[in-house]
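Dear colleague,

Please find the structure below, handed over for your examination. A short account of the findings comes after it.

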4 protein chains.
Amino acid sequence: MTIVQLTEALDEFAGERDWGQFHSPKNLAMALSVEVAEIVELFQWVKEGDSHCLAPEKLADLQDEIGDVMIYLTNLAHKFDIDPLEAAAVKLEKNKKKYPADLVKGKSAKYTEYGGG
Amino acid sequence: MTIVQLTEALDEFAGERDWGQFHSPKNLAMALSVEVAEIVELFQWVKEGDSHCLAPEKLADLQDEIGDVMIYLTNLAHKFDIDPLEAAAVKLEKNKKKYPADLVKGKSAKYTEYGGG
Amino acid sequence: MTIVQLTEALDEFAGERDWGQFHSPKNLAMALSVEVAEIVELFQWVKEGDSHCLAPEKLADLQDEIGDVMIYLTNLAHKFDIDPLEAAAVKLEKNKKKYPADLVKGKSAKYTEYGGG
Amino acid sequence: MTIVQLTEALDEFAGERDWGQFHSPKNLAMALSVEVAEIVELFQWVKEGDSHCLAPEKLADLQDEIGDVMIYLTNLAHKFDIDPLEAAAVKLEKNKKKYPADLVKGKSAKYTEYGGG
């Protein structure tokens, strides 16, 4: 599935239910944050090293939540004619210039300052 | 840009900077929530009706933040071999069954209970 | 109940369950964000004007969630010997200086820039 | 400072600036989540074990952010005549019954299921 196909499928889904009226950018931003918190919930008490491996039912939950986040992100982005994948590509290019590899490589202590990506 | 291309570009970006060590799923979930909050910040004091239209500099910020969210979502999903677009497509099919259009259409008061999508 | 009494009660609660081991500041920050999202969830599809009034069961949920946020905030603050009420008082004084009443009063359009409080 | 004193000081602050118009519960919930994310940001790349100790400037930031969270939590709670400290006390009593110490003590693997507190 492509972003364009997902966008169209979401439009159709909301249209058939007359739910577009709830999808103001303000509301979509809130919904996006609620769904992301459900991802955070899966990892909140897990040790960092253990977070690489999830039990099968947690993994299924994670896939659902990632789907929800992608849905709301696409809905919100579409309101402003933004393609999330293109936005990511543009941001990645910015990050490459902001954090030159030879300057930041291996400087883990500086990671917070440099911000990551 | 496709998800596969973005995933590869992100891997290369992190690899060149030796930043993979910070990208535990636990940390990526936190970073994802921080970036989403930057989107929420753009809309927190805006009236719902006004949130459809952003000033140019806010719109540029929004595109950057959507890029950041997409980047961390893709990074996190990749740790578990999940494709965010496919996860969204699967979730959308679940939502179609959960909220049949003829049952929920126009029932705006029920929206919160039905959960949206 | 005072902050000191709450802090002591929370310490006793965690101690009796041997749960202090999970209460690293990093984990408490995540838990705090998860609980706040449960508050956001109550308001995500509600119109701004309607958000002043909640149905009784939603109000009970809100009280529970506010309790949870206060619990995690107090737990986190206590790790660094911070009193949340004192921190609020100090921050309020800073805000008074940062946003002089005669300068910002009624300038609603400037609210986002001034940041609020 | 007590909750009552803080509530009065916040009312006066908002009143002098005519900012009460922005303080709908919906908006306050959003602002609360944005401030909590600023706390999460402080810990996102820090190892769990290292999160117990913050550099002085980070500690000052944390105190500010805890103040902000307490301010918005108090503002939101006040809209519904809820006292955050009393709400925490009530929730703690519920948690004591839900998670009996003799049942959950030391069962760290069960922590996620039991939910913590």
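The notes that follow cover confidence, salt bridges and one backbone feature.

This is a predicted model, in which local features need pLDDT of at least 70, side-chain atom pairs count only at pLDDT 80 or more, and totals for chains, interfaces and linings use all residues. Residues are numbered from 1 along each chain as its sequence is written, chains are lettered from A and ligands numbered from 1 in the order in which they are written, and side-chain values use heavy atoms, without hydrogens and water.

The model has an ipTM of 0.93 and a pTM of 0.94. For chain A, the average pLDDT (the predictor's confidence in each residue, from 0 to 100) is 92, and 90% of the residues score at least 70.

Over all chains there are 16 salt bridges (a side-chain nitrogen of Lys or Arg within 4 Å of a carboxyl oxygen of Asp or Glu). One of them joins Lys94(B) to Asp64(A) at 2.8 Å, N to O. This pair crosses between chains, from helix 4 (residues 84-98) of chain B to helix 3 (residues 56-79) of chain A; helices are DSSP runs of H or I, at least four residues, numbered from the N terminus. Asp64(A) is buried at 18% relative accessibility, whereas Lys94(B) is partly exposed at 42% (buried means under 20% relative accessible area, exposed over 50%, partly exposed in between, with a 1.4 Å probe and protein chains only). Lys94(D) and Asp64(C) also form a salt bridge, with the closest N and O atoms 2.8 Å apart.

Asp81(C) has a positive phi, near 55 degrees. Asp81(C) lies in the loop between helix 3 and helix 4 of chain C and is exposed, at 71%.

Yours sincerely

Technical notes
Helices (H or I, at least four residues) and strands (E, at least two) are DSSP runs, numbered from the N terminus.
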